[in-house]
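Dear colleague,

I am handing over the structure below, and my notes on it follow. Please read them with the coordinates open beside you.

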2 protein chains.
Amino acid sequence: MSNNKLIGAAVIGQSGGPSSVINASAYGVIKTALEADCITAVYGANHGIVGILNDRLMDMSKEDPAELELLLHTPSSALGSCRYKIADPEKDDTDYKRILEIFKKYNIRYFFYNGGNDSMDTCNKVSRYMKSVGYECRVFGVPKTIDNDLFGTDHCPGFASAAKYIATSFMEVSRDSHVYDKGMITIIECMGRHAGWLTAAASLAGLSGDGPDLIYLPEVDFDMDRFVADVSRIYKENGNCIVAVSEGVHYADGTFVSEAKTSGTDGFGHAQLGGLAARLADVVKAATGAKVRGIELSLLQRCAAHCASATDIEESFNSGKTAVEAAIAGETGKMVGFKCDRENGYKCEYVLFDLEKVANFEQKVPLEWITEDHSNVTEDFIRYCAPLIRGDLVMPMENGLPRFAKLKKVFAE
Amino acid sequence: MSNNKLIGAAVIGQSGGPSSVINASAYGVIKTALEADCITAVYGANHGIVGILNDRLMDMSKEDPAELELLLHTPSSALGSCRYKIADPEKDDTDYKRILEIFKKYNIRYFFYNGGNDSMDTCNKVSRYMKSVGYECRVFGVPKTIDNDLFGTDHCPGFASAAKYIATSFMEVSRDSHVYDKGMITIIECMGRHAGWLTAAASLAGLSGDGPDLIYLPEVDFDMDRFVADVSRIYKENGNCIVAVSEGVHYADGTFVSEAKTSGTDGFGHAQLGGLAARLADVVKAATGAKVRGIELSLLQRCAAHCASATDIEESFNSGKTAVEAAIAGETGKMVGFKCDRENGYKCEYVLFDLEKVANFEQKVPLEWITEDHSNVTEDFIRYCAPLIRGDLVMPMENGLPRFAKLKKVFAE
């Protein structure tokens, strides 16, 4: 940690899949940086690291402060996102030379990167490279991922809002699917490729008695026969059954249950999943003869800002703010994270983690929070998750619809 | 219209697919009936007409008034719904004899039926039968349908809340799907078997610049080649394309585009639709090579009470209230409807329609509100729809989640 006051410009980029509150974090960075004496200019990289490589930097001081404040409630990445996989600087430093060139051009001394696992990896590599060439630049990861799978931190900004949307939707669909004199089976697919946090969040709907009967996470192997037996048993007992299932459930050999139905990969080589709910619905329908409906929450769960967690918005904003404050204080190569206390109410403290440790590690739901029969989560999960979705959301509205930020996007010369 | 004050019990039943605000209407009936001098008891039929046939009536006076009030914000049919097709009384009066028996047993003199097209038909038949056998009973339809397809009324309770949810979701998904440096095509399927009102409501998202590029309704024939050409053109021009499509789009010969993928029918002989978005996504992907995502809003759009229209809640409650007041005043065989004025602000007046005229007629989107190229709606639709989703929703919440009504369901002896 260096004690000198580093004077220069700041840039913030957003990367990876968006969330309902990633812009709240960006606003935390932008507002704090705009107010900081030692930060001479604040730029937004258009489409993350790609925007830096292409010299597409937007001057944040040109935006209307009221519109910037609306970023607290605007879903998706307002600066634009990317899925660009940057090379290891030790293997291929082409991109890094270009980044350094841009950093020098604008005298950028503060780099904030707002994203998930892959983004923290990018951030860490940039930090390493700048250090290796002796260019003084404070590099910070500002976390975001609805997947909640970043190392070290109690939870990740974005998760709670998606969790609240999922729990709310389960409550509502549960009321809907119990309405007829003849029962039905409803299978709802939630996001989460390798970590089941979001699917587990469906359990919060159970706090009011409207939760799923069964929950299947990718942390344990999926057994189709057992799944069909579980669903059939509940349906027989209750005349109804609601199931939460993660898109990433897989057989013991590692193949995704949804796999045979899809093809194509995203920019990082992850298989693109989808259609699992429909597939499981087919299997269950054939086995039970019941009315079965498969529902995929799809993109809605990661962009439903109208149903965001007020706690999540506050913590996301503070993550960005903390990153700027810590960078000004001399820290670098870190990610902001949360240390939470649930003993006497809920308290969240902002702490720093080494990017080196965070990058590319996936934090999964602890196995002891999954019931022994692998078809639900325990009270421990609910104790962990419930405080995160609380708070009173006051959504800016206009004529009955959300009022999202409209940025001018004035590009720097 | 009879002027005598009819003394006796009232029963309310709910039928058909639920909505976010059907319980607000039921609450309008229940509260008004509980407060009326001439109504001696208020019963809720468990699962609509089936609950009457099975003598399953719940005593509404036994419920906690605070829980009843929560019905204003509780989705789905709290009394239970059904999809029971009742015979024509002139052809088979078995069910009607049983209904009369139950009505006599509880001295039921007021019958309120809360539902859509098929429910208004049931209601009308009951009215006709009671008249034919000389049993004095005031029969009222209390409308509900997200499909917005009931005859005569300006719009239907339930439509506006689903419309608000759809417009909100389009705004959010639009932000999400425009986030990357590489564009994508997003196809979102909305409910509406024969009428395109809900799909058309996606256009409201355009008021803030986040609307769909293309909208396809079932009021006009669907042409797959033209559809693919439309989508390809927009994607080529903008690098992005968002499409709203009704589940009920059909070819010129009447077959549903989704049809080959589904089988089975609901209790009324309607084909069960679904999977259209995925199917169109496949076609468009093959034609363009673009990243394409199909999203089905599914049940979520009809039960998302957390995103209900405050105007819809108020009008739904008032529909129920008006039905009871009109019945007490001597009217019978009617449905409550709306007559709206949009000239100087928005005003809604409650009017009565003859059930005979309402039953089984489907009100579609006027062809002049669909653009000539059949791929969007006109400003007239937006002028019609925009006022319906306004109002400040204050949702009762508990620990970050909606607080829905919990009824005791005390069955009458």
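Why can strand S4 (residues 108-115) of chain A be called largely enclosed by the rest of the structure? Eight of the eight residues of this strand are buried, so S4(A) is largely enclosed by what surrounds it. Please keep in mind throughout that this is a predicted model.

The pairing around S4(A) can be followed on two sides of the description, beginning with strand S1 (residues 8-14) of chain A, which pairs with S4(A) in the parallel sense over six bridges. Within that pairing, Ala9(A) has Ile108(A) of S4(A) as its bridge partner. Strand S5 (residues 138-143) of chain A also runs parallel to S4(A), and six bridges join these two strands; here Gly115(A) has Pro143(A), a residue of S5(A), as its bridge partner. Taken with helix H5 (residues 117-132) of chain A, the strands S4(A) and S5(A) make a right-handed β-α-β unit.

On the scale of the whole chain, chain A is divided into domain 1, which covers 8-156 + 306-360 + 392-402, and domain 2, which covers 162-304. The centres of these two domains of chain A, taken over C-alpha atoms, are separated by 32 Å. Where the domains touch, 18 residues of domain 1 of chain A are in contact with 15 residues of domain 2 of chain A, and the domain 1 side of that contact has six nonpolar, seven polar and five charged residues.

Turning to the contact between the chains, chain B and chain A each give 48 residues to it. On the side of chain B that touches chain A, at least two residues each are supplied by helix H6 (159-177), strand S9 (292-296), helix H10 (300-303) and strand S13 (401-402) of chain B. The largest share of that side, nine residues, comes from H6(B), and by class the chain B side has 24 nonpolar, 15 polar and nine charged residues.

A last group of findings concerns helix H5 (residues 117-132) of chain B, which has 16 residues and reaches 23 Å from its first C-alpha to its last, close to the 22 Å expected at 1.5 Å a residue. H5(B) is mostly covered, with 13 of its 16 residues buried, and just after H5(B) the residue Gly134(B) takes a positive phi of about 75 degrees.

With best regards

Methods: Residues are numbered from 1 along each chain as its sequence is written. Chains are lettered from A and ligands numbered from 1 in the order in which they are written. This is a predicted model: local features need pLDDT of at least 70, side-chain atom pairs count only at pLDDT 80 or more; totals for chains, interfaces and linings use all residues. Domain bounds come from an automatic or database domain assignment. Two residues are in contact if their C-beta atoms, placed from the backbone, lie within 7 Å. Ala, Val, Leu, Ile, Met, Phe, Trp, Tyr, Cys and Pro count as nonpolar, Asp, Glu, Lys and Arg as charged, and the others, Gly among them, as polar. Helices (H or I, at least four residues) and strands (E, at least two) are DSSP runs, numbered from the N terminus. The expected span of a helix is 1.5 Å times one less than its number of residues. A residue is buried if 20 or more other C-beta atoms lie within 10 Å of its own, exposed if 12 or fewer, and partly exposed in between; C-beta atoms are placed from the backbone. Two strands pair if DSSP finds at least two bridges between them. A crossover is right-handed if, with the strands pointing away from the viewer, the path from the first strand over the helix to the second runs clockwise.
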